[in-house]
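Thanks, everyone, for making the time this morning. I would like to walk through one model with you, moving from strand pairing to charged side chains and then to a second sheet, so please keep the structure open while I talk.

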Amino acid sequence: MPDFRIPSHWARRALAAGAAVLLAGCAIPSKVPAGATVDATQAELGAPTGRYPLPDGGQRLQYSEQPAGSAVWNLDFDAAGRLQRTDQALRYPNFDQIVVNQWTGDDVLRMMGRPARVERVAMFDGPVWTYRFNDLNNYRFIHVHLDPGGVVRRIQYTDESLYRFPQAR
């Protein structure tokens, strides 16, 4: 009989994510109405996981579900502090905006927030930022390779395996 147990590290992550949702009172960033103030938004959602200035004098509040979740919500406020736009950042149209050899780690942070993992690999000199996202109910990873100067040099996608398959005997 195949062994389809969920690895314990995923169980711990799922429990932590579930606890975070319960503690947040099930507040959902996508449900904040346009025109809401920064203060009202933070009162409903809590402190953001990231805060970034926008070119028009406004600011972006970021609410990330990483590492266990698969969404990063960007809430963009104008200079008057009113919500103008809400976007779930971890999706292909946003990934397609990343310009290899031009974007920096700061650009990636502003769009996607802190990564779920930062790793190094033997065939690349620099950190690899990994984000977990949901692609039509299939969990995937986007890996953003940054050179030692912080410039994006490569992007790769991999599938996430949630199950540990039995070892061949």
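Serine 64 stands opposite valine 72 in β3, and that pair is a convenient place to enter this model, which, I should say at once, is a predicted one. The two strands concerned are β2, residues 59-64, and β3, and they run antiparallel, joined by 6 bridges. On to the next partner: β3 also pairs with strand β4, residues 83-88, again in the antiparallel sense, over 5 bridges, and within this pairing asparagine 74 stands opposite aspartate 87 in β4. If you follow the chain from β3 to β4, you pass through a hairpin with 5 residues between the strands, and glycine 81, which sits in that turn, has a positive phi of about 85°.

Why do we call β3 largely enclosed by the rest of the structure? The reason is that 6 of the 6 residues of this strand, residues 72-77, are buried, the cut-off for that word being under 20% relative accessible area. The burial applies to both faces of β3, with Val72, Asn74 and Asp76 covered on one side, and Trp73, Leu75 and Phe77 covered on the other.

That brings me to the charged residues. Side chains of opposite charge can pair when their charged atoms come close. Aspartate 76, buried with a relative accessible area of 8%, forms a salt bridge with arginine 85, where the closest N and O atoms are 3.1 Å apart. Arginine 85 itself is partly exposed, at 39% relative accessible area, and its side chain also meets that of aspartate 87 in a salt bridge, at 3.7 Å from N to O. Aspartate 87, which we have already seen opposite asparagine 74, counts as buried, with a relative accessibility of 8%. These residues belong to a network of salt bridges that links Arg60, Asp76, Arg85, Asp87 and Arg91.

The structure holds 10 salt bridges, and I will show you one more of them, between the side chains of aspartate 125 and arginine 120, at 4.0 Å from N to O. Which description fits its two partners, buried or exposed? Aspartate 125 counts as exposed at 55% relative accessibility, and arginine 120 is likewise exposed, with a relative accessible area of 58%.

Let me finish with the other sheet. Here 4 strands form an open sheet in the order β5-β6-β7-β8, with antiparallel pairing. Its edge strands are β5, residues 117-119, and β8, residues 152-159, each of which pairs on one side only, and the twist from one strand to the next averages 30°. Inside that order, strand β6, residues 128-135, and strand β7, residues 138-146, pair in the antiparallel sense over 8 bridges, and phenylalanine 133 stands opposite arginine 140 in β7. Helix α4, residues 105-112, packs on this sheet, where it touches β6, β7 and β8, and the direction of the helix makes about 30° with that of β6.

Note on methods. Residues are numbered from 1 along each chain as its sequence is written. This is a predicted model: local features need pLDDT of at least 70, side-chain atom pairs count only at pLDDT 80 or more; totals for chains, interfaces and linings use all residues. Side-chain values use heavy atoms; hydrogens and water are left out. Two strands pair if DSSP finds at least two bridges between them. Axes are lines fitted to C-alpha atoms, for helices over the stretch in contact, and angles run from 0 to 180 degrees between N-to-C directions. Contact means heavy atoms within 4.5 Å. Buried means under 20% relative accessible area, exposed over 50%, partly exposed in between (1.4 Å probe, protein chains only).
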